[in-house]
Amino acid sequence: MDKNFGAAEAEARIARLWEEAGAFRAGANAKPGGQPFSIVIPPPNVTGSLHMGHAFNNTLQDILTRWHRMKGDDVLWQPGTDHAGIATQMVVERELAKSNRRRTDFTREEFVSLVWQQKQRSRGNIKAQLDRLGASCDWSREAFTMGGAPGDPEAGQGPDFHDAVLKVFVDLYDRGLIYRGKRLVNWDPHFETAISDLEVENREVQGHMWHFKYPLANGATYDYVERDADGNVTLRETRDYIAIATTRPETMLGDGAVAVHPSDARYAPIIGQLCEIPVGPKAHRRLIPIIADEYPDPAFGSGAVKITGAHDFNDYAVANRHDIPLYALMDTKARMRADGLPYEESALIAGQIARGEREASDVSQINLVPDEMRGLDRLEARRLVVSQIESEGLAVLTDSADGPVPHVESKKIMQPFGDRSGVVIEPMLTDQWFVDTARIVGPAIDAVRDGRTRILPERDAKTYFHWLENIEPWCISRQLWWGHRIPVWYGFDLNPGTFRDETGDDALDEIELGDLLLQEGFVGPEPRHHCAADFAAVADRFAGDLAGLPTPLNHARVVEVAGAEAAEDAFAQGLADYNLTQDPTRLVYPVWRDADVLDTWFSSGLWPLGTLGWPNDTPELARYFPTSVLVTGFDIIFFWVARMMMMQLALVNEVPFKTVYVHALVRDEKGKKMSKSLGNVLDPLDLIDEFGADAVRFTLAAMAAMGRDLRLSTARIQGYRNFGTKLWNAHRFAEMNGVFAAPRAPGIPQATAPVNRWILGETARIREEVDAALDSFRFDGAAQSLHAFVWGVVCDWYVEFSKPLLSGTDEALKRETQQVMAWVLDQCLILMHPFMPFITEDLWGSTASRAKLLVHADWPTYAVADLVDPAAEAEMRWTIALIEGVRSARAQLNVPAGLTVPVVMVEADAPARAALARNGALIQRLARIEVPTEGAAPRGSLTVATPGATFALPLEGLIDIAAEIARMTKGADKAAKEAASLRARLANPRFVASAAEEVVEETREALAAREAEEAQLRAALARLSELS
RNA sequence: GGGCGAUUAACUCAGUGGUAGAGUGCUUCCUUCACACGGAAGAAGUCGGGGGUUCGAAUCCCUCAUCGCCCA
């Protein structure tokens, strides 16, 4: 054997071994009747690459997966990737940009096909990276959240996710759980799409707060009075304006009201009055009402807030409460609108609405952006608005060194940014599709409350509840090209009105057609829409809609066109053709499909069901659903976990998983969250290259304390790489000593020597510890126990103890030790395998001929009760104490390390004598002493005290008596101090009365031991002081 | 502003009622026939401050301070 494990060479070789054996296939190594154990991987972004968070996440899943597989459970770890709408579209657009091309240079179909090609190119990344990590997922079942969608070159090879997603949309739509509405949504002006509030990152940035005056209508005035906390008047003046503060002056153009708090006495006199927005051409200044609402904070700014319902979420709520119109000011790129009615006309209509002279029904054509600002960027418009107000003297002034100046505060403000685009998000009034989450959230809350799904750590259940209990409608439409296109088609809302086919000839002549088409309301203002999984189904619905129309319009052929404009043309063309030919087959009813796609999370919300083949009734679905465990980061509890819970419960009325293990984040060395936009992402492959996958995995597991972020340091990884080497060299030692060559009986070896009986017991302890830790998802506990056992027990002690036995002359003892060591090392490999799969599999294969790969080895079930021999354990503890005592004394007194010294047993009780007799060989070797003789302590000797015995190392002349006195005094003092503390505790009657009996007993024993130790050391000290 | 969490050895972190632990680093010694990615022996913490509950508190409660995260 080499001195080190060659990770780079071995990892690839072993991965191939597993692959060729189909070792990770669903159900591999399952015992007859094995319990199902299933995990779905949190699907990584298909065009992405794995960062440390993924490495962490997948290491934990793999540990659980390998552990259960070895236990003989029927295991499935389901892998796959996510189509990641915006992110993937962005990757392709960025690629195109390199050759100066844009998405819009292509048709939608062409572009989507480019994305599929990109997906083909990059999806191997994820698998290759997971393979490097040793992730034992069943790649034969790889799934993709857009599998089977139009254009998928691999359609039919995996689960048809597209089918499932559309089915769910249609199902929820039919149940009234999905609706379309014009709502204020977060709009990303870079990607020109709506995004959900979870995709918005609120960041504090440096901003400004401007203070402006809104003059009261018709020059009205009021007494403005400010009071201090005691009610004393601190300011009284007559004002003809109301002051507002804003961080976004450009939105003033769309103001619909000024709001004050109903309790705010300062403004009570003017509630209900009108005031003037101080921007825009003077001739068409708009008046807006001053209203009372709970929203404004009287203590903030002036206490008065301008209400711009179409551009702020808080204002939107106020506007809805007070029926204030929502005037949109910006286009999809967040530039000031240039469409709609001219400013003058818009201002006029808005004024009529404000005065109650006109209904505020559809205000979308009203564009209150003054002509000179139309098309400007929002920030340019802001500058213009500010300068206009200031030049007109309507800014609130404040004193400065140069006299009064406009009051502009520099302050930190919270601003929303798109988490992908990084641009400032604009609240935007648009038509979108929503899931009525309030109606499906109940079962998701109940399932966790009643324990059908358990969230670990428990604290994260609070986050889950908090979010679900305050859930907002979920905007699921995205204005993208890459994604599941919404299965909704639109067509004109045609109404026969009062038209009758007077001629009764089931045909329409030119006059009749004219009567029909020109009558008011023939085409309704909003298109009709129908939802179905495909065009054929939806065409039937539209055909049904046409039934009420006069013949032959009621038999118009439903055809699909690109959009509303194409539909107008097609419809007109059909009518014209019919009119010319009277051939009813020329009549068409054109419909067009919704251009939007679904939020990626809508499809990944189906992940557990969809990957298992739902809606088909597959054997895997029956076997592995609900899944056993979901392992995921806390940052997507809302995004994903909660939505999966809601969706699976809404669809099949079952929870998607029984346990959710929520892990913390892997942070960078500064404790910052790793993110693509920050560019501080670490590549786990670099670490694997440097230290090996086993070391990286073990480190992550050892640091996986529940609910706490981990900061990865390479020093720690290196430490666990060394740990792997340690394990390796223990095997190398065993090989050199014939351990693997010796004949072996199956099962747990019989042992007679205390050292062998002892290590069997220690192995049983560690097996129980590891199982208990993994049962409770304490990955760190399991890793640390294994580390302490393999290094601290097996390598430090058992291997050392074995040396004199393996090289000794007692052949029976030698054979026994070889067999026990072979077994113990096998147990190390088995128990370590879920954590360090590569090195253990390699050693497993190279140290014996095996019936099965280690990945399929049987996980042990032996217990402490079966294997621990208390007598052997006590004896070995004593042996270790003696060796450590001798070593410590030697080292502290600078006895040369290589020198074998004589030893005299000064006193010893029966157990100590027995232990010495049975373990003399190991003690002599490890402590470097000669065969002990019995007698009084010679002059000038070192003293070593163990429970029940005192030994002396006669080293007169070699040692410094004063140093020995100091050492002994220190030891005696320490024992005395501890004894005193124990004595005090036992002297307290309330301790004896109220503490558990075994605690009291332990304390008594500890006291006795300390007292005995002190006595031994004092006696030795007395002898020493005679010398000096 | 609301919520959650953290504060333990020089560093990174375990440890939820019974004598303070790990990895790395540090000191001294050892190239002893598994391993220098090693061995042996050490030094090192008033467990953030204060108060309380308890026979007993790093651990439970209160409070303060500092830091972090999430939400507004």
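This is a short tour of one predicted model, from its domains to a sheet and a pair of helices.

**Domains.** Start by colouring chain A by domain: domain 1 (7-82 + 125-172 + 601-702), domain 2 (207-414), domain 3 (488-593), domain 4 (712-848) and domain 5 (873-1027). If you place a marker at the C-alpha centres of domain 1 and domain 5, 55 Å separate them.

**A four-stranded sheet.** Next, pick out the open sheet with strand order β23-β22-β25-β24 and mixed pairing. Its edges are β23 (528-531) and β24 (557-561), each of which pairs on one side only. From one strand to the next, the twist averages 35°. Now zoom in on β24 and β25 (residues 588-593), which pair in the parallel sense over five bridges. Select Arg-557 and you will find its bridge partner in β25, Val-588.

**Helices across the sheet.** Add helix α12 (residues 535-545), which lies across β22, β23, β24 and β25 and runs at about 140° to β23. Then show helix α5 (residues 161-174): this one lies across β22 (488-491), β23 and β25, at about 125° to β23.

**A helix crossing.** Finally, select α22 (residues 779-806) and α27 (residues 910-927), whose axes come within 8 Å and cross at roughly 110°. That angle is why α22 counts as roughly perpendicular to α27. The crossing is right-handed.

Which residues in α22 and α27 meet? Show Trp-797, Glu-800, Phe-801, Lys-803, Pro-804 and Leu-805 in α22, then Ala-921, Leu-922, Arg-925 and Leu-926 in α27. Coloured by class, this contact has seven nonpolar, no polar and three charged residues.

Terms used:
Residues are numbered from 1 along each chain as its sequence is written. Chains are lettered from A and ligands numbered from 1 in the order in which they are written. This is a predicted model: local features need pLDDT of at least 70, side-chain atom pairs count only at pLDDT 80 or more; totals for chains, interfaces and linings use all residues. Side-chain values use heavy atoms; hydrogens and water are left out. Axes are lines fitted to C-alpha atoms, for helices over the stretch in contact, and angles run from 0 to 180 degrees between N-to-C directions. Helices (H or I, at least four residues) and strands (E, at least two) are DSSP runs, numbered from the N terminus. Angles under 35 degrees count as roughly parallel, over 145 as roughly antiparallel, 65 to 115 as roughly perpendicular and the rest as oblique. A crossing is left-handed if the near helix is turned anticlockwise from the far one by less than a right angle, and right-handed if clockwise. Contact means heavy atoms within 4.5 Å. Ala, Val, Leu, Ile, Met, Phe, Trp, Tyr, Cys and Pro count as nonpolar, Asp, Glu, Lys and Arg as charged, and the others, Gly among them, as polar. Domain bounds come from an automatic or database domain assignment. Two strands pair if DSSP finds at least two bridges between them.
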